[in-house]
Amino acid sequence: MWTRRELDAILRVYGRFVAQGEWKDYAIDGLPTEAVFSIFRRHSEMPMFSVIKTPADANRQGQYKVVAVSGQILKRGHDLTQVMTVFDKKKFRVID
């Protein structure tokens with residue numbers, strides 16, 4: 001599950017985009033192997049982005065990643081604040 005500090009980092013970015021009118025809704029899912037924060041443009045659509053925490057990947061590529069609706073990983077790493085910087089750019093670059 002998400003910690004309070006992690007949710008604060010995510011909601012800080014989410015609030016900025018809500019204020020700009022870009023994002024309208026979100027969902028939080030706690031699955032057995034991962035925690036997912038999904039971001040929607042409208043509540044009836046597929047999520048535009050998902051911020052995923054997978055503790056099993058903590059010693060590999062990092063437990064945090066941002067995934068686009070197409071399933072492409074935009075950024076991953078060990079530090080959630082650093083991973084969330086993907087939203088600071090105007091255009092998102094897909095990594096493999």
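How many salt bridges does a search of the whole structure find? In this predicted model, the search returns 4 salt bridges. One of them joins the side chains of Lys53 and Glu6, with an N to O distance of 3.1 Å. This pair links distant parts of the chain, since Lys53 lies in strand β3 and Glu6 in helix α1, 47 residues apart. Lys53 is buried, with a relative accessible area of 10%, and Glu6 likewise counts as buried, at 8% relative accessibility.

A further salt bridge is formed by the side chains of Arg16 and Asp88, at 3.3 Å from N to O. Here too distant parts of the chain are linked: Arg16 belongs to helix α1 and Asp88 to the segment after α2, with their positions 72 residues apart. Arg16 counts as partly exposed, its relative accessibility being 33%. Arg60 forms a salt bridge with Asp57, in which the closest N and O atoms are 2.8 Å apart. Arg60 is exposed, with a relative accessible area of 59%.

Asp57 also appears among the contacts of Gln63, a residue of the loop between β3 and β4. Gln63 is buried because its relative accessible area, 18%, falls under the 20% limit. Leaving aside residues up to four places away in sequence, Gln63 touches Ile52, Lys53, Thr54, Pro55, Asp57, Ala58 and Gly77. The side chain of Gln63 is in addition joined to that of Tyr64 by a polar contact of 3.3 Å.

Aromatic side chains form a second set of interactions. The structure holds 9 aromatic pairs. Among them, Tyr14 and Tyr26 are arranged edge-to-face, with 5.1 Å from centre to centre and 75° between the planes. The pair connects distant parts of the chain, Tyr14 being in helix α1 (residues 4-19) and Tyr26 in strand β1 (residues 25-30), 12 residues apart. Tyr14 is buried, with a relative accessible area of 9%, whereas Tyr26 counts as partly exposed at 37% relative accessibility. The ring centres of Trp23 and Phe87 are 5.3 Å apart and their planes stand at 85°, so this pair is edge-to-face. Trp23, in the loop between α1 and β1, is thereby paired with Phe87 in the segment after α2 (80-83), 64 residues apart. Both Trp23 and Phe87 are buried. One aromatic cluster is formed by Tyr14, Phe17, Trp23, Tyr26, Phe37, Phe49 and Phe87.

Trp23 and Phe87 recur in the nonpolar interior. The largest nonpolar core has 22 residues, and those with the most contacts inside it are Trp2, Trp23, Val51, Val66, Leu80, Met84 and Phe87. Two or more residues are contributed to this core by each of α1, β2 (35-40), β3 (49-53), β4 (64-68) and α2. The greatest contribution comes from α1, which gives 5 residues. In soluble globular proteins, nonpolar side chains tend to be buried together.

The surroundings of Val51 illustrate the contacts of one core residue. Not counting residues up to four places away in sequence, Val51 touches Trp2, Ile10, Ala35, Val36, Phe37, Lys65, Val66, Leu80 and Met84. Among these neighbours, Trp2, Val66, Leu80 and Met84 are listed with Val51 as having the most contacts inside the core. Phe37, another neighbour of Val51, is a member of the aromatic cluster.

Key: Residues numbered from 1 in each chain as written. Predicted model: local features only at pLDDT ≥ 70, side-chain atom pairs only at ≥ 80, totals over all residues. Heavy atoms only, no water. Phe/Tyr/Trp six-rings, centres within 6.5 Å; stacked < 30°, edge-to-face > 60°. Helix = DSSP H or I, 4+ residues; strand = E, 2+ residues; numbered from the N terminus. Buried < 20%, exposed > 50% of the residue type's maximum accessible area, 1.4 Å probe, protein only. Core = buried A, V, L, I, M, F, W, Y, C linked by side-chain atoms within 4.5 Å. Contact = heavy atoms within 4.5 Å. Polar contact = N/O pair within 3.5 Å; in protein donor to acceptor, adjacent residues only side chain to side chain.
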